[in-house]
Amino acid sequence: MNMKKENSICFGQIDLAAVFFLLIVLMVVNFVSAQNSTAENFVPPEKFSRDWVIDGKPKRYTKENLYAYINGEAELFMPYGFKILDSIVYKKSGVKDIAIIADVYLMGSAIDAFGIYSYYRDTDADVVTVGAEGFADESQLMFYKDVYFIRMASSGGTNPAREDF
């Protein structure tokens with residue numbers, strides 16, 4: 001298997017420090033009781049890094065309404081023990097067309113979280129050291145840790161060039 005060398009990542013106009021701070025905070029999910037918590041319990045607060053703020057309230061999706069958020073992909077998550085998805089949008093103050101969308105999926109087990117991560121894993125993408133395993137490409141970063149699968153994506157504007165990562 002040919003693994004790419006671990007690289008530094010830059011989301012162009014998205015502050016790299018803010019992205020990694022968000023990732024570090026997301027890693028504490030293993031300390032949270034999943035059944036009685038929301039994403040607000042383990043993601044950065046309203047204003048977590050310079051000008052990045054939560055845009056609106058986190059949205060929660062369950063087995064009954066996941067299709068409303070990821071229509072066409074919802075069925076893929078069910079065999080992996082999908083329980084809950086909390087989706088949070090962060091926007092940078094003063095820049096209305098750039099956002100970071102953090103989707104935190106609670107799966108049935110650590111093996112299930114690895115399973116859904118493996119489905120999305122791109123062997124051509126850059127390997128990143130976050131969670132148990134992660135990768136990044138031009139527009140997103142995915143990783144898993146314990147029973148969580150986390151997908152972060154840049155939104156708005158154009159995707160940065162691959163060499164900007």
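Colleague: Why is Asp-86 called buried?

Modeller: In this predicted model, Asp-86 has a relative accessibility of 5%. The cut-off for buried is under 20%, so Asp-86 counts as buried.

Colleague: What makes Arg-60 partly exposed?

Modeller: Arg-60 has 32% relative accessibility. Partly exposed covers what lies between under 20% and over 50%, so Arg-60 falls in that class.

Colleague: How do you know that Arg-60 and Asp-86 form a salt bridge?

Modeller: Their closest N and O atoms are 2.8 Å apart. The limit is within 4 Å, between a side-chain nitrogen of Lys or Arg and a carboxyl oxygen of Asp or Glu, so the pair of Arg-60 and Asp-86 qualifies. Arg-60 is in strand β3 and Asp-86 in strand β4, 26 residues apart.

Colleague: What makes β3 and β4 paired strands?

Modeller: They are joined by 4 bridges in the antiparallel sense. At least two bridges are required, so β3 and β4 pair. One of the partnerships is that of Tyr-61 with Leu-85 in β4.

Colleague: Which other strands pair with β4?

Modeller: Strand β2, residues 52-54, pairs with β4 over 3 antiparallel bridges, with Trp-52 opposite Lys-92. Strand β5, residues 95-106, runs antiparallel to β4 and is joined to it by 9 bridges; Ile-88 has Ala-102 as its bridge partner there. β4 and β5 form a hairpin with 2 residues between them, and Gly-94 in the turn has a positive phi of about 85°.

Colleague: Why does the contact between Glu-73 and Arg-151 count as a salt bridge?

Modeller: The closest N and O atoms of Glu-73 and Arg-151 are 3.9 Å apart. That value is within 4 Å, so the pair is counted. Glu-73 lies in the loop between α2 and α3 and Arg-151 in strand β9, so the pair ties together parts that are 78 residues apart in sequence.

Colleague: Is Arg-151 buried or exposed?

Modeller: Arg-151 has 11% relative accessibility. The limit for buried is under 20%, so Arg-151 counts as buried. Glu-73, with a relative accessible area of 27%, is partly exposed.

Colleague: What is the place of Met-152, and why is Met-152 called buried?

Modeller: Met-152 is in strand β9, residues 148-155. Its relative accessible area is 2%, and the cut-off is under 20%, so Met-152 is buried.

Colleague: How many salt bridges does the structure hold?

Modeller: There are 4 salt bridges, including one between Glu-133 and Arg-121 at 2.9 Å, N to O.

Technical notes:
Residues are numbered from 1 along each chain as its sequence is written. This is a predicted model: local features need pLDDT of at least 70, side-chain atom pairs count only at pLDDT 80 or more; totals for chains, interfaces and linings use all residues. Side-chain values use heavy atoms; hydrogens and water are left out. Buried means under 20% relative accessible area, exposed over 50%, partly exposed in between (1.4 Å probe, protein chains only).
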